[in-house]
Amino acid sequence: MEVLPPPSGLEAQHAALFTTGSLNFLHELISTFDKDVDQILQLRMSRKAHSDLSGELPHFLEKTAPIRADPAWRVLPVPSRLQKRHVDIGDMAPCDALRFIKALQSSAQGIQVDFDDGNCPTFRNQITGIYNVIQAVNNQFPGVPHISQAPVLMLRPRAWNMVEHNVMVEGKEAPGPLFDFGLLMFHCGKMLFQHKSGPFFYLSKVESFIEARLWNRIFVWTQEKLGLPLGSIKATVLIENVFAAFEMEEILYELREHSAGLNCGIWDYSASFVNKFGHREDFLLPDRSKYVNMEKHFLRSYMDLLVQTCHRRGALATGGMAALMLPGRLHTDSYTRVLASVKRQKMLEISAGVDGFMVYDLNLIKPMQELFQVHTDGDNQLHRLREDVSVTPKDLLSMPLGGVTLYGLKYNIAVGVLFINAWLSGKGHFFFRGQVEDSATAEISRSQVWQWIRHQARLEDDSRVVNRQLVADLTEELTSDLSVRCLSAWTRQRLYTAADMFLEIVLKRHYPEFITSYLNQDHTFLSYQDQHTEEEEALETNKQQSKL
C-alpha cells in the first residue's frame with residue numbers, strides 16, 4: 001500500500017488519519033472488495049451496451065418479482081435520532097470548517113457531510129474534510145454541541161465512479177468510496193455508535209440492487225472488523241438513476257438491516273436519462289430552466305413511487321435539496337419572493353408524503369421546519385402509505401413536452417463552465433444567480449448541451465440550430481463577460497481553461513458518463529491542484545459572491 005505525502009501544511013492531519021491501524025484496515029477493506037467494485041462498473045457498461053444494442057427500455061424486473069410481491073418484509077426500524085429527518089443541510093463539504101461548525105451549531109435534524117456532489121476531491125480537501133469529521137465526532141470544535149446533541153452526521157462518501165489518486169493498494173488506485181468510507185468508519189464508527197448518533201451514510205449514484213448488495217456486504221464486513229453489532233450502520237440510498245427507479249424495493253430489500261430509506265435527487269436523476277438514452281431522439285429532454293421540475297409527470301411519478309415504496313416497507317423517504325439562497329436583507333420583496341418559491345416547491349414534496357428534505361442555506365432551516373410542523377403530524381409521514389399511487393414504466397419514462405430557449409442554453413453553459421472553474425480552484429460548488437450549484441446541476445447542464453447538439457435542437461426564440469458553432473460562440477461570450485471579474489491573470493486563464501474543457505466535454509462523440517469522473521481523470525485538473533494560493537482564492541471567492 002502506498003500513500004502520497006501530505007499537502008503542505010497538513011502534516012499533522014495526514015499523520016492522524018494514516019496511522020498503522022487505519023492503513024491496515026484500509027488495505028484489508030480495499031483488497032477485499034476491489035474486484036467487486038470493478039465488477040459493478042463493468043456491469044454498468046454491459047447494461048448500457050445491451051440497452052443501446054437492443055433498444056430495450058427499463059422495466060420492473062421479473063426475476064425479483066417475488067420480493068416486490070411479498071407484503072411481509074420490512075426494513076429494520078431506524079434509531080431514534082433518525083426518526084425525525086425533517087430538514088438536513090445539504091452540500092456540506094466538511095473541508096470548509098467554518099460552515100461545518102455553523103451547521104453543527106444549527107437546529108437542523110441532520111447534516112449531509114458531503115464528499116461527493118458538493119465537494120472537490122483534491123487530496124487536501126479529503127484529508128481536511130475527514131479530519132474535521134473526526135474533530136466533530138470527538139467534540140474538539142469549541143462552541144459546538146456534543147455529538148449526541150448536534151445534528152446527526154449523514155456521511156456521503158464518493159460514488160463508485162471515483163478513484164483516489166493518492167493511494168495505491170496492490171498496484172491500483174484506491175476506489176474513492178472505499179477510501180472515504182474506510183477512514184470515516186475506522187476513526188469515527190465506534191464513537192458515533194456509542195453516542196447513538198451513527199454511523200449514518202448517504203450512498204450516491206447507486207444504479208441497481210446488485211450495487212446495494214455490495215454495499216451491504218461492505219457494511220457487514222466492516223461491522224465485524226470493528227466489533228459493531230449487525231445493523232449499526234444505516235444508509236440512505238439516493239435514487240439518482242433511471243435504472244435504480246425500477247429497483248427501489250430490491251435496493252431496500254438488500255439493505256433491509258442497514259437501510260435509512262431512499263432519497264430523490266431531481267438533477268442527477270434527470271441527467272441519467274441523457275446518460276442512458278440521450279442518443280435517442282424520443283428522449284430529448286427540454287430546457288430544464290423552463291420545462292423540467294417536480295411537477296412534471298415523469299418526476300412526480302418517480303417521487304410518488306419512492307414515497308410509496310419506502311413507506312410500504314417501513315423506510316423513510318426524503319426529498320431533494322433547496323438550492324435557492326435567501327437574500328441578506330429581511331422583509332424585502334426579493335426575500336419574500338425567494339422564500340415563497342422555496343415553500344411552494346417543498347410543499348409539493350411534503351404533500352407527496354416525504355419525511356424530510358435538504359436545504360443549503362442555513363437561514364432556510366427554521367421556515368422549512370415550520371412547514372413540517374404546520375402540515376404534518378409527528379416525526380415523520382410513515383403512516384402515509386400512498387395507496388392511491390400506481391406507477392407504470394410509461395409514467396417513469398414519459399419525457400415532458402417543451403423545447404430549448406436561448407436563456408436555458410446560456411444558463412446551462414454558464415453552470416458547466418463555472419463548475420469546472422470551481423473544480424480547478426479546488427471547490428465542489430459555487431454560487432450563481434442566487435442559488436448554489438454543484439456537480440448535480442453541472443451534470444444536467446452539460447448533459448443537455450451535449451444532447452441538444454447531438455439532435456440539432458432548434459431554439460424557440462429564433463429557430464437557430466444548437467450546433468458546435470453556436471455553443472462555442474456563446475461560451476466565448478460568457479467567458480469574456482465573466483473574465484472582467486477575475487482578479488488576476490492566473491484566475492482569468494483558469495476561467496478560459498474551464499471554458500475549453502467544457503467545450504471538450506459537450507462536443508464528445510460519445511457521452512462522458514460522469515462529469516466528475518471526466519474531470520478527476522483529466523491532467524489539467526490534476527495539475528491545477530497545487531498551483532493557486534489560498535490568498536488569491538479567498539479574494540476571488542469574495543468578489544464572485546458579491547457580484548453574482
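This section describes the sheets, backbone features, aromatic contacts, cavities and pockets of the structure. The model is a predicted one.

The strands are taken up first. A barrel is closed by 8 strands. Their order is S2-S3-S4-S7-S8-S9-S10-S11, and they pair in parallel. Neighbouring strands of this sheet are turned against each other by 30° on average, with direction ignored. One of the pairings joins S7 to S8. Strand S7 covers residues 200–203, and strand S8 covers residues 234–239. The two pair in the parallel sense over 4 bridges. Tyrosine 202 faces threonine 236 of S8, the two residues standing opposite each other.

An open sheet is also present, made of 3 strands in the order S1-S5-S6. Here the pairing is antiparallel. Strand S1 (2–3) and strand S6 (172–175) occupy the edges. Each has a single partner strand, so one side of each is left without a neighbour in the sheet. S1 is joined to strand S5 (residues 163–169) by 2 bridges, and these strands run antiparallel. Glutamate 2 stands opposite methionine 168, which belongs to S5. In general, strands of a sheet pair through backbone hydrogen bonds, in either the parallel or the antiparallel sense.

Two loops carry backbone features. The first feature is a cis peptide bond, which runs from glycine 198 to proline 199 and has omega near 0°. Proline 199 is located in the loop between helix H6 (176–194) and S7. S7 is also one of the strands of the barrel. The second feature is a positive phi at histidine 331, near 60°, in a residue other than glycine. Histidine 331 lies in the loop that runs between S10 and H13. S10 is likewise a barrel strand.

Aromatic contacts were then examined. The whole structure contains 29 aromatic pairs. One aromatic cluster is formed by Phe243, Tyr269, Phe273, Phe277, Phe283, Phe298 and Tyr302. Phenylalanine 243, a member of this cluster, also meets a charge. The charged end of arginine 47 sits over the ring of phenylalanine 243, at 4.2 Å from the ring centre. A further contact of this kind involves arginine 99 and tyrosine 360. The charged end of arginine 99 sits over the tyrosine 360 ring, 3.7 Å from its centre.

Enclosed space was searched across the whole structure. The search finds 3 cavities of 30 Å³ or more. The largest cavity holds about 110 Å³ of space. Its lining consists of 13 residues. Glu240, Asp268, Ser272, Asn275 and Phe514 lie nearest the centre of this cavity. Helix H10 (266–277) and helix H17 (439–454) each contribute at least two lining residues. The largest share, 4 residues, is that of H10. By class, the lining has 7 charged, 3 polar and 3 nonpolar residues.

The second largest pocket contains about 1,000 Å³ of space. Its lining is made up of 41 residues. Those nearest the centre of the pocket are Ile266, Trp267, Met321, Ala323 and Gln345. Several strands and helices take part. Strands S9 (259–264), S10 (317–322) and S13 (435–437) each supply at least two residues of this lining. The same holds for H10, helix H11 (288–291), helix H13 (333–352), helix H16 (406–424) and H17. H13 gives the most, with 6 residues. The pocket lining divides into 18 nonpolar, 13 charged and 10 polar residues.

Some elements recur between these sites. H10 and H17 each supply at least two residues to the lining of the largest cavity, and each supplies at least two to that of the second largest pocket. S9 and S10 are strands of the barrel, and each supplies at least two residues of the pocket lining.

Note on methods
Residues numbered from 1 in each chain as written. Predicted model: local features only at pLDDT ≥ 70, side-chain atom pairs only at ≥ 80, totals over all residues. Heavy atoms only, no water. 1 Å grid on protein atoms, 1.4 Å probe; cavity = no way out; pocket = protein on both sides within 12 Å on 5 of 7 lines; lining within 4 Å. Points joined across faces, edges and corners; volume = space filled by probe spheres on them. Nonpolar A, V, L, I, M, F, W, Y, C, P; charged D, E, K, R; others polar. Phe/Tyr/Trp six-rings, centres within 6.5 Å; stacked < 30°, edge-to-face > 60°. Lys NZ or Arg CZ within 6 Å of the ring centre and 35° of its normal. Pairing = 2+ DSSP bridges. Axes fitted to C-alpha atoms, helices over the stretch in contact; angles between N-to-C directions.
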